[in-house]
Amino acid sequence: MHRTRSLVAGLLPLIPGAAPERLAVWLVKGYVQNSSARAPLAALNIRQYSAAPPPPTQAAAEPFLNGSSSVYVEEMYNSWLQDPKSVHASWDSFFRNASAGAAPGQAYQAPPSLAVPGRHEIPITALVPQMSTSGVSTGLPIDEKIIDDHLAVQAIIRSYQTRGHHIADLDPLGINLADLDATIAPELQLATYRFEEKDMDRIFKLPATTYIGKPDERALPLREILSRLEAAYCRHIGVEFMFINSLEQCNWIRKRFETPGAMSLDAEGKRLLLARVTRAAGFEAFLARKWTSEKRFGLEGCEMLIPAMKTIIDKSSELGVESIIMGMPHRGRLNVLANVCRKPLEQIFAQFAGLEAADDGSGDVKYHLGTYIERLNRVTNKNIRLAVVANPSHLEAVDTIVQGKTRAEQFYKGDSEGKKTMSILLHGDAAFSGQGIVYETFTLSDLPDYTTRGTIHIVANNQIGFTTDPRHSRSSPYCTDVARVVNAPIFHVNADDPEAVMHVCKVAAEWRATFHKDVVVDLVSYRRGGHNEIDEPMFTQPLMYSKIRKMKSVMDKYSAKLIEEGTVTKEEVDDVRNKYEKICEEAYVKAQKETQIRYKDWLDSPWSGFFEGKNPLKMGNTGVIEETLKHIGKRFSSTPPNAAEFVVHKGIERILRARMEMVETRTVDWALGEAMAFGSLLKEGIHVRLSGQDVERGTFSHRHHVLHHQTSDKSTYKPLCNLYPDQAPYTVCNSSLSEFGVLGFELGYSMTNPNALVCWEAQFGDFFNTAQCIIDQFIASGQSKWVRQSGIVLLLPHGMEGMGPEHSSARPERFLHACSEDPETFPAETEEFAIRQLHDTNMIVANCSTPANYFHILRRQIAMPFRKPLIIFTPKSLLRHPEAKSSFDDMVETTGFKRVIPEAGLAASQPEAVQKVIFCSGKIYYELKKAREDRGLDSAVAITRIEQICPFPFDLIRDEINKYPNAQLKWAQEEHKNMGVWSFVQPRFHTAMQGSSERRLSYVGRGVSASPATGSKRQHLKEAAQLLEDAFAGL
Ligand SMILES: Cc1ncc(C[n+]2csc(CCOP(=O)(O)OP(=O)(O)O)c2C)c(N)n1
Ligand SMILES: [Mg+2]
């Protein structure tokens, strides 16, 4: 392994290869030929450099002969030989002088420069040793090798910066390679450059692209250059940054790793560091002793995670951050809560006691719970708020939730640059490279409405994922490569070198504060035990674990080092350790007195003041005064105030006119109803955020919340932002093409402020299932597991309209299956029936058939005294259906959301005569209604719509059934029988009928199917017609 670094030790003699003829060879030849009479070649003596600074000389190589100019010069020279006039006069003069025997440096005289030489700029003349300083013409030729060698040194410096991390000593075990690659890049190999041992003491000018020189050093011996590059890039830190396409940022990083002494830590810093490692190790040791076989996903082998996080927090706090939101997986989580957040130890220990919970809900395992703590940062003496967001087992799923929550906090605090609130995301090595959501998280990191202005990522890289080796778990060299996509610098560090870890963490925090971009710290470490405390790692990694068993802990190694260098005494080390153990023991005793655990103590997003003083069963009004509807309607239908300059698309003008006509006739369609819901909330000071793919226009081109100037780029107008001067802000944002990431983001956003309506819309409802994890793990079960509420709204376009298997159904059955309502229990009928149902459910699922009802249900999200996720199946064809319109009468003050819209036509006036009641939900209503009319069955058939599917309106359905004592009861749906709402409503109808065996609800609609919809339009129409036939059959 003949690497350049071997030169430092001067061990490897070089066999110089034949130097290819390049780099202004002509010039050397010319000089030799023409100057031999006046100065012997030997006088050049270019190979006899010494470590001493070269004597100043003016007889120098030409300063412009650097870099890649040699080929150019050669070409120019050849041209000049043929015709001296073919080149510029200055070149002509130069070549004449050179040919006439002018000395190097004399052939061309640059015009005097007014600029002071840069820090690294020294005249190249200073680097050519032993040349005459006297007179104009020494007659010596410039030596090609001087130039070549300087270029080679520049290349070496660049190679270290670019590729040095590949050969850094990153693995504490010394058996793996953090980049999974044992080869050494040619540019880091000695053979690539033509230096010999004796070149080691030659002096080379330092280019402006390096900071290895001290302030007064503009040139260094090669040996020192290599040694400093080694120290900066190839010891325990591997810096990956040269892919960043900003010179400023690259220089910023170079400076922080190359500057001599940059990584040194003072004695106080070392003692603090040791104390932190001691606590991290002490915590795990204490748990291991007290609960030997309990799963805790210990941090042993990567204890440096704790001081790393603390350093980032200290530094960020120093730089002005007041709130940090963190997301992390299982590994070391308890330690983070104890030692980073300083959650009371007795609360953590009580989790091991198997106590009953004092609050409702099913709870979660201890290494998933969140926390929120406000405390004094002792290093900076400033207050800091720390939140660890609760998460499921699903690795990395919490990432964008943390980002959304962070973004929301920044937004509500007016922290538009992210100076006060930031996020830290922790990752395991296998999960970071394996989970696609990580990529989605990075992709959001710089989008205007999603950026958190820089996240610090820390990878607890123990070089294993459960039982799988990295070489089987990723195809990229490093587990962190995904971060390169956003030009985030990546600092790999050997986690057994605490001081190196400190350095990269400080730099990471400074980076984030300076550039507000993501950065990654890769803590290359190991896992001392199995995947968890009861797992046997020797089954699968015998050699790795034989080595691990022999490893001393980082705490032992570091304390020994500090004792040896005299920074601390053994007594001090023991003292810190014993004191922490005593703290743990005392907390243990306290924990044993606890009789219950309280999940509320583990809440990551407390909504202080939101619940206090509220009647949990009192709903606010959702209707609004007509004046408000009118005002919003008009504004929403108007062109921008500067309409004369703002060119609106003709089609939009038509849409706006149609909207205005509706307002004038006191009517709303879907888009207007939605705008009125949003607008009225904005008027009440409620921030509304609508996010998702193409939501600004709306997938079906019905919304148009952002108008685009047709002749001026990026000039837009948002009517809903211009309703009232004192309204709340309205955010409408097209997202990246992600569901998992963006839905998670919006859920996190909704966790921050209960007084905001946060909506995520899927392009077509079906696509929600790529975000299934967010629905299952957070939306459906979040409150039950973590006593945490969210009022997020999911808008899922749904409806069978012949668009094929994937653009038809938003799969209502999937959501209903996850609803926690008991199908067999008719809730107690009190005055608060409806709101108590809402209070008790885990989610609300609705399919509204009128704009008014859509308006009310959106507003109800805020009118409720608590928060629940709302899933709404939204229409496609109904957006423009002439009948799917509502009157202001259904939206004014006295009105509200209708859980059920009963039959209101002819059939309702003579209910005894009704032969059939068809219950349905959503757009099928309009088709059934038309078919009934076509068949002249208006008085024979009642059609009743269920608008809120869950919680199920048991009371209203019972009343509706009882109203038609002689009618058959049908459920009609357009989704296939094994899909849609049928299997949810069937047992509930039975319960609503209170077990009556005389009446039975039967199904009308498509049969079962594996695919949600046919791909054939013809088949679709056939099925739709058949459905209507079946619905009215027998009458
Ligand atoms: C999405 C997901 N898939 C699978 C698992 C099961 N699982 C739990 S931990 C683990 C290994 C994780 O390895 P790594 O990310 O390196 O973290 P480590 O446990 O090594 O700290 C796996 C596969 C999971 N929790 N989440
Ligand atoms: Mg791992």
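The legends below describe close-up views of a predicted model.

**View 1. The eight-stranded open sheet and its edges.** Eight strands make up an open sheet of mixed pairing, and their order across the sheet is E3-E10-E11-E9-E8-E4-E7-E6. Strand E3 (237-240) and strand E6 (371-377) are the edge strands, and because each has a single partner strand, one side of each is left without a neighbour in the sheet. From one strand to the next, the twist averages 20°.

**View 2. Strands E9 and E11, with helix H16 across the sheet.** Strand E9 (residues 455-461) runs parallel to strand E11 (residues 519-524), and six bridges join the two. Within this pair, Ile 458 is found opposite Val 521 of E11. Helix H16 (residues 498-515) lies across five strands of the sheet, namely E3, strand E8 (421-428), E9, strand E10 (490-494) and E11, and its direction makes an angle of about 165° with that of E10.

**View 3. The surroundings of ligand 1.** The shell around ligand 1 holds 15 residues, of which Arg 331, Asp 429, Ala 430, Ala 431 and Asn 462 come nearest. Sorted by class, this shell contains five nonpolar, eight polar and two charged residues. Helix H13 (residues 429-434) gives the most to the shell, contributing three residues.

**View 4. Backbone atoms beside ligand 1.** A backbone N or O atom of Leu 395 lies 3.2 Å from a nitrogen atom of the ligand. Oxygen atoms of ligand 1 are approached by the backbone at two residues: a backbone N or O atom of Ala 430 lies 2.9 Å from an oxygen atom of the ligand, and for Ile 464 the corresponding distance from a backbone N or O atom to a ligand oxygen atom is 3.0 Å. Ligand 1 taken alone exposes 580 Å², and the protein buries 74% of that area.

**View 5. The loop that follows strand E9.** Gln 463 belongs to the loop between E9 and helix H15 (470-473). The phi angle of Gln 463 is near 60°, a positive value in a residue other than glycine, whereas most residues other than glycine have a negative phi.

**View 6. The packing of helices H18 and H19.** Helix H18 (residues 554-564) packs with helix H19 (residues 570-593) at an angle of about 145°, and the axes of the two helices are 9 Å apart. From H18 the contact draws on Met 555, Asp 556, Ser 559 and Ile 563, while from H19 it draws on Lys 570, Val 573 and Arg 577. By class, three nonpolar, one polar and three charged residues take part in this contact of H18 with H19.

**View 7. The five-stranded open sheet.** Five strands form an open sheet in the order E23-E25-E24-E27-E28, and the pairing is mixed. Strand E23 (900-901) and strand E28 (1001-1005) stand at the edges with a single partner strand each, so one side of each is left without a neighbour in the sheet. Strand E24 (residues 916-920) pairs with strand E27 (residues 968-973) in the parallel sense, over four bridges, and Ile 918 has Lys 970 in E27 as its bridge partner.

**View 8. Helices H31 and H33 across the five-stranded sheet.** Helix H31 (residues 954-963) lies across E23, E24, strand E25 (941-946) and E27, and runs at about 160° to E24. Helix H33 (residues 1017-1032) lies across E24, E25, E27 and E28, and runs at about 140° to E24.

**View 9. The cis peptide bond before Pro 951.** Cys 950 and Pro 951 are joined by a cis peptide bond, with omega at about -5°, whereas most peptide bonds are trans. Pro 951 is placed in the loop between strand E26 (948-950) and H31.

Conventions
Residues numbered from 1 in each chain as written. Chains lettered and ligands numbered in written order. Predicted model: local features only at pLDDT ≥ 70, side-chain atom pairs only at ≥ 80, totals over all residues. Heavy atoms only, no water. Pairing = 2+ DSSP bridges. Axes fitted to C-alpha atoms, helices over the stretch in contact; angles between N-to-C directions. Contact = heavy atoms within 4.5 Å. Near = heavy atom within 4 Å. Polar contact = N/O pair within 3.5 Å; in protein donor to acceptor, adjacent residues only side chain to side chain. Areas by Shrake-Rupley, 256 points an atom, 1.4 Å probe, with all protein chains shown as cover. Nonpolar A, V, L, I, M, F, W, Y, C, P; charged D, E, K, R; others polar.
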